[in-house]
Amino acid sequence: MCVDESVIKFKGRSSIKQYNPMKPIKRGYKFSVLCDMSGLKLEGSLAWGTIRINREGLPKGMASDTSLKRGDFDHKTSNTGVTFFKWKDNKIVTLASNIYGTETFQLKRQLRDGTTSHINTPQIVEDYNKFMGGVNYHD
């Protein structure tokens, strides 16, 4: 499941119409959709995904970016049941979920010299990477 922005093509007059010359549908109404792996729009579902680090409402006191080494992660759970993750691979990735806990697994990464290494990652990362293409089927 993932949330993405989608555009309904519209060329008429409207004050809420948006224009983006870099997109396949350049003019239209922009809205958010919830999609599963087959690209179907669903409502009332559990969700997970990436989130901006400066987003208002993120919990305070998470580990600093410089203190995390590759494979390290920190998490905080809000009183509403949403868990926020900060995980470092090559860069910091921030995720939010209302269904994942702190389960981890080993992710295989190939290094520049051709060897492979195993790094720890939260389960949410594996599932996010597995299902994030569902939005592209809808578009």
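Helices (H or I, at least four residues) and strands (E, at least two) are taken here as DSSP runs, numbered from the N terminus. On that basis, K26 sits in the loop between β2 (18–19) and β3 (27–35). The structure is a predicted model, in which local features need pLDDT of at least 70 and side-chain atom pairs count only at pLDDT 80 or more, while totals for chains, interfaces and linings use all residues. Residues are numbered from 1 along each chain as its sequence is written, and side-chain values use heavy atoms, with hydrogens and water left out.

The overall layout is a good place to start. The chain holds two helices and nine strands, and from the N terminus on its elements follow the order β-β-β-β-β-β-β-β-β-α-α. Burial is judged by relative accessible area: buried means under 20%, exposed over 50%, and partly exposed in between (1.4 Å probe, protein chains only). Of the 139 residues of the chain, 27% count as buried.

Charged pairs come next. A salt bridge is counted where a side-chain nitrogen of Lys or Arg lies within 4 Å of a carboxyl oxygen of Asp or Glu, and this rule yields three salt bridges. In one of them, the side chains of K86 and D65 meet at 2.9 Å, N to O. K86 lies in strand β6 (residues 83–88) and D65 in the loop between β4 (48–50) and β5 (73–77), so this pair ties together parts that are 21 residues apart in sequence. The two partners can also be described by their accessibility: K86 is buried at 7%, whereas D65 is partly exposed at 38%.

D89 brings the other two pairs together. With R70, D89 forms a salt bridge whose closest N and O atoms are 3.0 Å apart. This pair links distant parts of the chain, with D89 in the loop between β6 and β7 (92–97) and R70 in the loop between β4 and β5, 19 residues apart. D89 counts as buried at 11% relative accessibility, and R70 as partly exposed at 33%. The side chains of R109 and D89 meet in a salt bridge of 2.6 Å, N to O. Here too distant parts of the chain are linked, R109 being in strand β8 (residues 104–110) and 20 residues from D89. R109 is partly exposed, at 25% relative accessibility. Through shared partners, the salt bridges join R70, D89 and R109 into one network.

Strand β6 also contains T83, a residue that is buried with a relative accessible area of 6%. The side chains of T83 and T77 are joined by a polar contact of 3.3 Å. Such a contact is a pair of N or O atoms within 3.5 Å; within protein, one must be able to donate a hydrogen and the other to accept it, and residues adjacent in sequence count only if both atoms are side-chain atoms.

Towards the N-terminal strands, Q18 belongs to strand β2 and is partly exposed at 39% relative accessibility. Q18 and Y29 are 11 residues apart in sequence, and their C-alpha atoms are 6.1 Å apart in space. K26, introduced at the outset, is partly exposed as well, at 37% relative accessibility.
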